[in-house]
Amino acid sequence: MSESAVPFVASTMAASLPVSGIGWLDEARSENLAAFAAAGLPDTRVEAWKYTALRALAQRRFAQGDAQAAARPVDPSLFALPGLDGPRLVFVNGVFRGDLSDLASLPAGLVLQPLSDALAREPEPLRFALSRRYREHGDAFARLNAALALDGVVLRVAAGAKVDAPVHLVFVGAAAEDDIAWHLRHVIELGEEAGLTLVEQHVGTDAARQLGTAVTDIVLRDGARLHHTVLQNAASETVLVRRDALQLGAAAQAWLHVLELGGSLVRHDLRAELAGHGARLDTRGVFMPRGRQHVDTQLAIRHQALGTASSSSWRGVADDRARGVFRGAIVVAPGADGSDASLDNKNLLLSPNAEIDTKPELEIYADEVQAAHGATVGQLDERALFYLRSRGIPLVEARTLLTAAFCRAVLDDLPDEALREHLAGLLAARLPV
Amino acid sequence: MLTIENLHARVEGKDILKGLTLTVNPGEVHAIMGPNGAGKSTLGNVLSGRDGYEVTEGSVRWNGIDLLALEPEARAASGVFLAFQYPVEIPGVNNTYFLRAALNAQRKARGEAELDSMQFLKLVREKLKIMQISDELLHRAVNEGFSGGEKKRNEIFQMAVLEPKLAILDETDSGLDIDALKQVAEGVNALRSPERSFLVVTHYQRLLDYIVPDFVHVLAGGRIVESGDKTLAHRLEEHGYAWLAEHGEPAGAQA
C-alpha cells in the first residue's frame, strides 16, 4: 500500500508547497516534504513513539494553514499573564498577528521579529538553522515542519545585553471551519553573557480542531542566561507537537519551567546539549492530563563538556482515562568529566483508568560524574489523606490539597512571583474539586 | 459526653478491642494505660475514623450522636481531635494554610462563619503565646523536617487552634525527652477546661506526672481491666503490668 493512502499524509501532500524564492530554502522544503511522504508517521515500533500511538491521527485529514487566520477575532484576555506587558509576538493558527503583538520600543540589544520578515529582509543568517538541521535525527514532524513552516519567531539578544522585560510569545489556536494544520519555526539566540526571560504560551479557543507543530532552536553562547517558562493550555481538540533543540555554551545557564495542561494529543521533545565547560540546565515541569488527553514529554540531555550540570524534576498527574508519558534520557559523554546530572519524575494516578509511563535513562561515559535518577508512579499517600481529614478537611478537598502540593514543588524556584502564583492557580483550578 | 459500650474492633482480620466500655464526661481527663499490643492506639484510631479498623460490635455515642457513623472530617467538626503518635509529614502544604483550611472546614460544617486571614492570624498569635512555640514552624510545610518534639508540639498547637471538645492524645510522650515532655504537658494543661475532655493514651506513668488525670484505666487484652484514680498509675509504675495478672485480671483475658 502506498503511503499516500494514509489520510494524514495524503491530505498533507495535497497542499502545494510554499515557494519562498530563496533557493536553498525551497530546496530544503521540498527535500523535507519528500522525506516525510516517504516515511509517513512513525508507529509504536519506533522507540521514541512507543507509548504514543499516532494511528488515530494518521486517519485524519488536515487543511494546510488557515486562510482566515489574519482576520479571526481573538480576545487578548485569552493570553493575558500578570507582569507580561513588554515585547510580545502573537500567532493565530500559525499566522503572525501584528495587531495583537507589541513590537514597539524593543529594549536595546533585542531583535524580535516574525521569521517571515527576517527571511524577506536577510535570509542568509537563517540558512544554517533552516536548511541543515534535523536531517540527521529528524522525525516525521520535524520534516513536516521544515517543509511547511512559513513563519515563526526570530529572537536574538546581543552579546552582553540583559533584557529585563520578559518576552511573551503567544500561540493561539482559534476555531476554524476545517481541521487545519499549521507549522511554526523559531530561532532564538542569546549572545555571550546575554540575559533573557522568555514566556511561551499556547492557548486555544474551544473547538479548535487542529494540528500545530513548532520547532525551536535555542542557542546560548558562552555565559548567556535564559529563563524560559512554557504554559501549554491549548484547546481540548488540539494536537500539538513541539520540538526544542537547546545548545548551551561555556558557563551558559538555562532554566526551563513547563506546564502541560491543554491539548488532546501533546508531544514535547527537548534535546539539550551542554556543549561548553560549566554549562548548566535546570528543567522543571508538570503534566496534568485528564479526560482522554495524552501528553508525552521526552527529554534528551547530553553533557558534552567538563563540569556541566543538569537537574530535572518533573511531576505527572493523570486523571480519568488520561495518559502521560515521560522519558528522560541523560548522556554524559566521554570527556564530560566532573559533570553532575540528576533527574526525577514522580507521578500520581488519580483514577484507576489513568496511566503514566515513565522511563528515566542514564548513560555515563565520563569520569567523576555525580548522577542520580529515579521515577515513581503512585497514588496519594493514605496516611496524609487521613491526617488532613482527621483535622476536618473533607476528603475531596484533602485530595486536591495534596495533589496541588505534589505539583507545586516544580514551581518553587520560578523567580517571577506573580507568574509563579498565577501558574499555581492554574494548576489548582485543574484539580478535581 | 462520650459513651463507649462493649466496643469490639478488628484490624487486618485480628481482633484487637474485645469489649471496651468507657464513659467520659465533659471536663474529665482519662488516662488509658496498658502494655504494648493492648489496643491503646487502636482505640484512638477507631474513634477518629481511620480506614482499616473494623468495628464488629458495640457502640460509641458522642453527645447524642453515633460517632462511628461519621466520616473522619465530620468527627473532627463534631469536636473530636486525635493527636497522632506519628504525625504525618506533608511536603508542599504550608502549616498555616493547612490549619486555616482545617479550621474553616470545621466551622463551615458546623454552620459557623469562616475566618478571614486577618482573623485567623490573630487567633494563631494568641495560641502561639499559650503554646510557647516559635512562629517559624508556621511557615514550614506541615511537620516536614520537624524534630520529634516539634511534631508533638505542633499537634498540641493544632489542638489549641481547633479547640476540640474531646482530645485523644495517642502516646504523645513517645520519643520525647523530659524538657519536650514538660512543654507538651504545659500546652495540654493550658487547654484543660470544664467543657473539654481528654483521653490520654500512654504506656508510661511519667506523662501523668505532668498531665494529672481524673481517672486511670488499664487496657489489656482489648478491654479495660482496671480503673482507678491517679494512684493506679503509680502502682502500675511500681509493680509493672505483670502485677495486674496477680491482682485480678479477669479470667480468660489472656486466652
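Two strands are taken to pair if DSSP finds at least two bridges between them. Helices (H or I, at least four residues) and strands (E, at least two) are DSSP runs, numbered from the N terminus. The structure is a predicted model, in which local features need pLDDT of at least 70 and side-chain atom pairs count only at pLDDT 80 or more, while totals for chains, interfaces and linings use all residues. Residues are numbered from 1 along each chain as its sequence is written, and chains are lettered from A and ligands numbered from 1 in the order in which they are written.

In chain B, an open sheet of 4 strands with antiparallel pairing follows the order β2-β1-β4-β5. Its edge strands, each pairing on one side only, are β2 (14-24) and β5 (65-66) of chain B. Strand β1 (residues 2-11) of chain B runs antiparallel to β2(B), and 8 bridges join the two. Within β2(B), B:Lys18 stands opposite B:His8. Chain B also contains a hairpin formed by strand β11 (residues 215-220) and strand β12 (residues 223-228), which are antiparallel and joined by 5 bridges. B:Ala220 has B:Arg223 of β12(B) as its bridge partner. There are 2 residues between the strands of this hairpin, and B:Gly221 takes a positive phi near 60°.

In chain A, strand β14 (residues 280-287) has parallel partners. Strand β12 (residues 253-260) of chain A pairs with β14(A) over 8 bridges in the parallel sense, and A:Trp255 has A:Asp282 in β14(A) as its bridge partner. Strand β16 (residues 309-318) of chain A is likewise parallel to β14(A), with 8 bridges; here A:Arg284 is matched with A:Ser313 of β16(A) as bridge partner. Of the 8 residues of β14(A), 6 are buried. A residue is buried if 20 or more other C-beta atoms lie within 10 Å of its own, exposed if 12 or fewer, and partly exposed in between, with C-beta atoms placed from the backbone.

The axes of helix α2 (residues 23-39) and helix α6 (residues 140-148) of chain A come within 7 Å and cross at roughly 145°. Axes are lines fitted to C-alpha atoms, for helices over the stretch in contact, and angles run from 0 to 180 degrees between N-to-C directions. Residues of α2(A) that meet α6(A) include A:Ala28, A:Leu33 and A:Phe36, and those on the α6(A) side include A:Arg143 and A:Leu144. Contact requires that the C-beta atoms of two residues, placed from the backbone, lie within 7 Å. By class, the residues of this contact are 9 nonpolar, 1 polar and 2 charged. Ala, Val, Leu, Ile, Met, Phe, Trp, Tyr, Cys and Pro count as nonpolar, Asp, Glu, Lys and Arg as charged, and the others, Gly among them, as polar.

Between the chains, 21 residues of chain B are in contact with 18 residues of chain A. On the chain B side, α3(B) gives the most, with 5 residues. The side of chain B that touches chain A has 14 nonpolar, 4 polar and 3 charged residues.

A:Arg408 belongs to helix α8 (residues 395-408) of chain A. This residue counts as partly exposed because it has 19 C-beta neighbours inside 10 Å. Apart from neighbours within four places in sequence, A:Arg408 is in contact with A:Ala424, A:Leu427 and B:Gly92.
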